[in-house]
Amino acid sequence: MAANIIEPNSESVDLEGPHLENGRMIYASKTYENLDATRKAGLWGVSMPRRYGGLNLPNAVFSMLSEMISAADAGFQNIWSLQSCIDTLYEFGSEEQRQKYIPRVCAGEGMSMDLTEPDAGSDLQRVMLKATFDEKENCWRLNGVKRFITNGDSDIHLVLARSEEGTKDGRGLSMFIYDKRQGGVDVRHIEHKLGIHGSPTCELTYKNAKAELCGSTRLGLIKYVMALMNGARLGIAAQSVGVEQEAYNEGLAYAKERQQFGDKIINFPAVYDMLSRMKAKLDAGRSLLYETAAYVDIYKCLEDIERDRKLTPEEKQELKKYQRLADAFTPLAKGMNSEYANQNAYDAISIHGGSGFIMEYKSQRLFRDARIFSIYEGTTQLQVVAAIRYITNGVMLQNIVEMMNGMEVLDSLKPLVANVKDYIKLYEASIAAVKDLNNQEAQDFLARRLYDITAEIVMCILLLRDATKAPELFEKSANVYVRMVGEDILGKANYIANFKPEYLDSFRAAEPEAAAE
């Protein structure tokens, strides 16, 4: 499906993009072909139970499918993968709502999550779209504006709105289900974007739109959006891995064909160094994606079991363990893979040289598409915020130690294990050094460095495990990755060890008045 339909359509979709007609979003013509093909192939409702018409597949497999579709067209992957919004309705909606909406998504109807507003981007506590209960019609009514909504003219929307009059924080927000069939929402504008042109990003106006409450009032941001965002972040991690793969494929294919100075450029050290790093990042990032998805699968499975019977004390402990692991690993998977996708797309253009800057070559589209991955569904900086408490409280260090304990590797990989053990010592010292500063601003400033070291060590361990199981696939990448991140970890650990809070004065932005002068 990805190779024979979606990828051949991708350039046309990128050139045409969606457009606006009479308050409605119209997809690029080839997008409709993609939708029709995926519906006929039964590729919707991937994660939903069979009783609702779903495929009942684990998140690990869903991630693999997302990755392949993203490699074919990252913009279409956005539209297709937003079906995962139904997980939130499945988890928190009523049985009546499940029976009403889930079969529609399993049949191929699209979804969106309407969170962002003109004055509420990353700070969703400022959402002001108003929800009022209509006593006469026994329903909720939504009024206001939503902005930057991916697939914003979808069939079924999950909407964050303020249901509690007089409130100004997250405790006054609830989650609602809006059905496009009910009317009341128009597309006011479609954004003209740098990349992912096939994915419509809409500004929506809600005018007395009829909606249903999902779950309980006041839990919209505190509970439901957190679940929604974690699923979306895993989806962006998979999207990123797909583009990492395709960028590597494009760079490798060009390097094998292009000749300069009487030789194929793949034989030049500067080029094969670049390609080997691209491949290592790809293999490490994919392993982190699948590990995170597996954690999600285990705790989601236990939650499903709990719907039918009471969990045993051991099962409850297992549920808590894997939920905590999923919460800790998801921001690592999203943040690191989105950065790696950008780096691989950048390097693919570099390998192409001047041709990479020409629109006829695919690498420029991958570069444009990848740029948003480290921004939407929470910037990399916000992934650091989400992950840092698991780093400073020692949870991630404990996870790393547990992953290392008893790990058997090939004899050829044992020197790399010694390297990773050295990295862990530096990591432990770095955490202690940051905490010893006893300065919150300094800790926030250094958080990204701790985050990077954490993720890189985790990916080293996962890649060593993969290389032991399948050396023909991963041993080269393990060698490259472990040594490559050593440069980064040593540098960042040294930076942290020598940092003093008074250095912050050198980094603070100039005051606006001074900048204007």
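How many aromatic pairs does the count come to? In this predicted model, the count comes to 16 aromatic pairs.

## Aromatic pairs

Let's look at two of these pairs. Phe373 and Tyr376 are stacked, with 6.4 Å from centre to centre and 20° between the planes. Both Phe373 and Tyr376 are buried.

Phe499 and Tyr503 pair edge-to-face instead, at 5.6 Å centre to centre and with 85° between the planes. Are Phe499 and Tyr503 buried or partly exposed? Phe499 has a relative accessibility of 5%, so this residue counts as buried. Tyr503 comes out at 36% and therefore counts as partly exposed.

Phe499 and Tyr503 also belong to one aromatic cluster, together with Phe445, Tyr495 and Phe507.

## Arginines over rings

The cluster member Tyr495 has a charged neighbour to look at: Arg449 lies over the face of Tyr495, at 4.1 Å from the ring centre.

A second arginine to find on your screen is Arg307. The charged end of Arg307 sits over the ring of Tyr90, 4.5 Å from the centre of that ring.

## The second largest pocket

Next, a pocket. The second largest pocket has a volume of about 350 Å³. Its lining is made up of 16 residues, and those closest to the centre of the pocket are Ser47, Asn59, Lys300, Cys301 and Asp304.

Which elements give two or more residues to this lining? They are α5 (86-92) and α8 (269-308). Helix α8 gives the most, with six residues. By residue type, the lining of the second largest pocket divides into seven charged, six nonpolar and three polar residues.

## Helix α12

Finally, take a look at helix α12, which spans residues 395-404. Is α12 mostly covered or mostly exposed? This helix is mostly covered, as seven of its 10 residues are buried. The buried residues in α12 are Val395, Met396, Leu397, Asn399, Ile400, Met403 and Met404. A general point helps when reading such a list: an α-helix has 3.6 residues a turn, so residues three or four places apart point the same way.

What do the buried residues of α12 pack against? Their partners are helices α9 (313-352), α11 (380-392), α13 (414-436) and α14 (440-469). Just after α12, Gly406 takes a positive phi of about 70°.

Note on methods. Residues numbered from 1 in each chain as written. Predicted model: local features only at pLDDT ≥ 70, side-chain atom pairs only at ≥ 80, totals over all residues. Heavy atoms only, no water. Phe/Tyr/Trp six-rings, centres within 6.5 Å; stacked < 30°, edge-to-face > 60°. Buried < 20%, exposed > 50% of the residue type's maximum accessible area, 1.4 Å probe, protein only. Lys NZ or Arg CZ within 6 Å of the ring centre and 35° of its normal. 1 Å grid on protein atoms, 1.4 Å probe; cavity = no way out; pocket = protein on both sides within 12 Å on 5 of 7 lines; lining within 4 Å. Points joined across faces, edges and corners; volume = space filled by probe spheres on them. Helix = DSSP H or I, 4+ residues; strand = E, 2+ residues; numbered from the N terminus. Nonpolar A, V, L, I, M, F, W, Y, C, P; charged D, E, K, R; others polar. Contact = heavy atoms within 4.5 Å.
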